[in-house]
Amino acid sequence: MSDAEKKPQTPAEDRFGAADVVRFALEKYTLGRSTDGSVFVTSTNPKDPRIAREVRGLRSEISRALWRERGLTVGRDTVGTAMETLYGLAEDAPVSKVYLRSAKLGPSIHVDLGDTSGRFVEVSPYGWTVRDPREEDDVTASRPIFRRTAAGNALPAPEEGGTRDDLRELLGLAEDDPRWKLAWGWLVASLFEDVPRPILWTLGPQGSGKSTRARMILNVVDPVDALGREPGRNERDDTTAASGRFLPSWDNIGNVSAATSDWLCRIVTGVEIGRRALYTDDDLRVSTLRRSGVATSIVLPFGLGPDALERLVLLELERVSEEDRRAESELWARFERLHGRILGALLDDVAGVLAHLHEARHAGHKLPRMADYALILHALDIHADEDDLDGYAAVYTRSVRGVLADRATSDPLTAALLKQVKSHGGEWTVGAEILLRAIEVDRPDDPRAAWPTSASSLSAALMKSHETLRAAGLEVERKRTKKGSSITLRAVETEDNDLDDAEDEVAGETPENVVTFAPRPLKIDAAPDVDEILGG
């Protein structure tokens, strides 16, 4: 027997070390770094979905691939060393932005359908096209890198021939109902991930269908089985949950603290999130989270500050009568049948916005706080041939102004300030201490009511409520002079009310010249038969 025959054989797994695992992984995956410094991989096969995968999530996948393709098993320590090496190699990888569900690339928007095929929709100013990487040549350079989370569900392929009415009639809203334009405008803008977009907030009593309608609107672009829990218990958990969804949701919100109100503002405009980088103790990865979303409540929580109110699209619903009520299962069956058509109609309007956005930017419109969102609505007005006075942008602007005015006129501090301004002929310049003593007679009896207790807290309250006060017809200006600081309260005209009307509303009176708006009752059965819509 030869020496070679006497030498014991080494098991294959012992000969396949960490370096071999790294080489095997690099044959299957391309390393990359996201703009926030995270390490990810994508498939080297151009026919596969271009989906970012975290390196740490590859352990089991690489082990399965080694067994299936080479009949090898590799120890945990070997795979772990290979993962750490891949992280090191990724330091030289190109930096790419990774998107969740929607990506704005130049003049186009790409929407990930979320299915296993990797199909996505490319929306341009000229229309939209469903692209399938399995049926095209190498399109890697022309498509974004998406990421997916366990919270995401797949969208149906959009269909041509749908109209806005497909969704409107399911929601039971009339074509001329301002709430319909608020809802559809929000949906169109929701896919513009590169700009801040407000939160769609539905409220109404029990039996108003607020949660069902909110979820139906949300599911057009980001399907969920149920809306999420209310925020406010733990900000870190809230942020983690929000980062996992393209459009997070919060159902049946009760109370909102000042901290939660500020958090909602930050996620709409963008908040930085820091986390420790893997395999390091002191390297911090910083990412920016910016989200729109959907929320529901019975009433609008008073804890929402003025900044938060300006970042909402508010849909006020009333209770559905027994004769108009429909089974929820029937509604969802209709929605599932129409979902592809609704998505197609939505993408038609997104394409229209892209075609007219430049024109809207140079039209000289006066813009509210959410300026980029309002520009999208102005572009939608041009595309849909809507009148400037009653289009999507105008309805949104009036809604925000109305929410701010309602909040201001229900506030006892605003009532007291309006009373003082009226007694001084419409304008009063005064020191904070004197103003505080002047309004003290109107302090509410409820000890829980927010009320300034010092000159500095009064000044802070006036600055924080600047926009809501203006919506109620009161402008606040603070000046510093050599003799000290002063506050000027000035009555201003608004489109919705004048000073006398605002004060009367605060006092609980309705002026004779004010017309109150009663929303049109929602009728769920206003939707035509789905079989008729689909032609049988």
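This passage walks through the sheets, helix packing, an aromatic pair and the internal cavities of a predicted model.

The antiparallel sheet is a handy place to start. Four strands make up this open sheet, in the order β6-β7-β8-β9, and the pairing is antiparallel. Its edges are β6 (102-105) and β9, each of which pairs on one side only. Direction ignored, neighbouring strands here are turned by 20° against each other on average. Strand β7 (residues 108-112) pairs with β8 over four bridges in the antiparallel sense, and His-110 has Glu-122 in β8 as its bridge partner. On the other side of the pairing scheme, β8 (residues 120-124) and β9 (residues 127-131) run antiparallel and are joined by five bridges. Glu-122 turns up again here, standing opposite Thr-129 in β9. The link from β8 to β9 is a hairpin that goes through two residues. Helix α12 (residues 328-361) packs on this sheet and touches β6, β7, β8 and β9, with its direction at about 40° to that of β8.

The parallel sheet comes next. It is also open, with four strands in the order β12-β15-β11-β16 and parallel pairing. The edge positions go to β12 (249-250) and β16 (312-316), each pairing on one side only. Between β11 (residues 199-203) and β16 there are five bridges in the parallel sense, and Ile-199 is matched with Leu-312 in β16. Two helices lie across these strands. Helix α7 (residues 178-190) lies across β11, β15 (293-297) and β16, and runs at about 140° to β16. Helix α8 (residues 210-219) lies across β11, β12, β15 and β16, running at about 175° to β15.

Edge strand β12 also takes part in an aromatic contact. The whole structure holds four aromatic pairs, and one of them is formed by Trp-250 and Trp-263, whose ring centres are 6.1 Å apart. Their planes stand at 80°, so the pair counts as edge-to-face. Because Trp-250 sits in β12 and Trp-263 in helix α10 (residues 258-269), the pair ties together parts that are 13 residues apart in sequence.

Further along the chain, helix α13 (residues 371-384) packs against helix α14 (residues 392-409) at an angle of about 145°, and the axes are 7 Å apart. From α13 the contact draws on Tyr-373, Ala-374, Leu-377, His-378, Leu-380, Asp-381 and Ala-384, which meet Tyr-392, Ala-393 and Tyr-396 of α14. By class, the contact has eight nonpolar residues, one polar and one charged.

What about empty space inside the model? The count is three cavities of 30 Å³ or more. The largest holds about 70 Å³. Its lining includes Arg-50, Asp-112, Arg-119, Arg-143 and Arg-148, along with Pro-49, Ile-51, Phe-120, Pro-144 and Phe-146, and Gly-118 as well. That lining splits into five nonpolar, one polar and five charged residues. The second largest cavity has a volume of about 50 Å³. Leu-171, Leu-173, Arg-179, Thr-202, Arg-213, Ile-217, Leu-315 and Leu-317 line this second cavity, and by class they are five nonpolar, one polar and two charged.

Note on methods:
Residues numbered from 1 in each chain as written. Predicted model: local features only at pLDDT ≥ 70, side-chain atom pairs only at ≥ 80, totals over all residues. Heavy atoms only, no water. Axes fitted to C-alpha atoms, helices over the stretch in contact; angles between N-to-C directions. Contact = heavy atoms within 4.5 Å. Nonpolar A, V, L, I, M, F, W, Y, C, P; charged D, E, K, R; others polar. Pairing = 2+ DSSP bridges. 1 Å grid on protein atoms, 1.4 Å probe; cavity = no way out; pocket = protein on both sides within 12 Å on 5 of 7 lines; lining within 4 Å. Points joined across faces, edges and corners; volume = space filled by probe spheres on them. Phe/Tyr/Trp six-rings, centres within 6.5 Å; stacked < 30°, edge-to-face > 60°.
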